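Reader: Hey, mind going through the charged side-chain contacts in this one with me? I'll pull it up.

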Amino acid sequence: MPRTAVPTHIKKLAGNPGKRPINDTEPQPAGAPVPPKEMTRAAKDVWKRLVGSMPPEVYTGADTDILAAYCEAVSNWRAATKLIAARGFEPMVPGSTGQLVVNPVYRLQSDQARLIKEIGQRLGLDPIARQQINADTKTADTNPFADLVH
């Protein structure tokens, strides 16, 4: 399975572990991502948690749609999981010709989990992708002895 290309800003945050030349001519999108108006309320809650938990330089306005897709997938997965966990949920339902088939909510849950995994890897949201990012929030002029002085 071939390796997925890593965006330049992620390579820089990770300290360029491959030591390959970094593309300095890559376009640098500007601005912070803003949640689209069309997003569901549940997806907007995921957006707030997600964007608020990552360093500000990781996502830009150009990432808005992929972030929105991820947030919608998470909210859809949660809704499907809630339905499955509800009392009285039927794992088998009558199909179009009357035979019993697996409830389609399981398919929805599975499809959304797959999307979460795939998009999350692209956005650096799984533990393996995140360990590649070196987002040091300390500044160079921070005094390490400042806590010792009252």
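Reader: So how many salt bridges are there?
Author: The count comes to 2 salt bridges, where a salt bridge is a side-chain nitrogen of Lys or Arg within 4 Å of a carboxyl oxygen of Asp or Glu. This is a predicted model, in which local features need pLDDT of at least 70, side-chain atom pairs count only at pLDDT 80 or more, and totals for chains, interfaces and linings use all residues. Residues are numbered from 1 along each chain as its sequence is written, and side-chain values use heavy atoms, with hydrogens and water left out.

Reader: OK, which residue does R107 pair with?
Author: R107 bridges to D111, with the closest N and O atoms 3.4 Å apart. They sit 4 residues apart in helix α4 (residues 104-123), so about one helical turn separates them. Helices here are DSSP runs of H or I, at least four residues, numbered from the N terminus.

Reader: And what does R114 meet in a salt bridge?
Author: D111, at 3.1 Å from N to O. R114 and D111 are 3 residues apart in helix α4, again about one helical turn. Through shared partners, the salt bridges join R107, D111 and R114 into one network.

Reader: Switching topic: is R107 buried or exposed?
Author: R107 counts as exposed, at 59% relative accessibility. Buried means under 20% relative accessible area, exposed over 50%, and partly exposed in between (1.4 Å probe, protein chains only).

Reader: What about D111 and R114?
Author: D111 is partly exposed at 26%, and R114 is partly exposed at 44%.

Note on methods:
Helix = DSSP H or I, 4+ residues; strand = E, 2+ residues; numbered from the N terminus.
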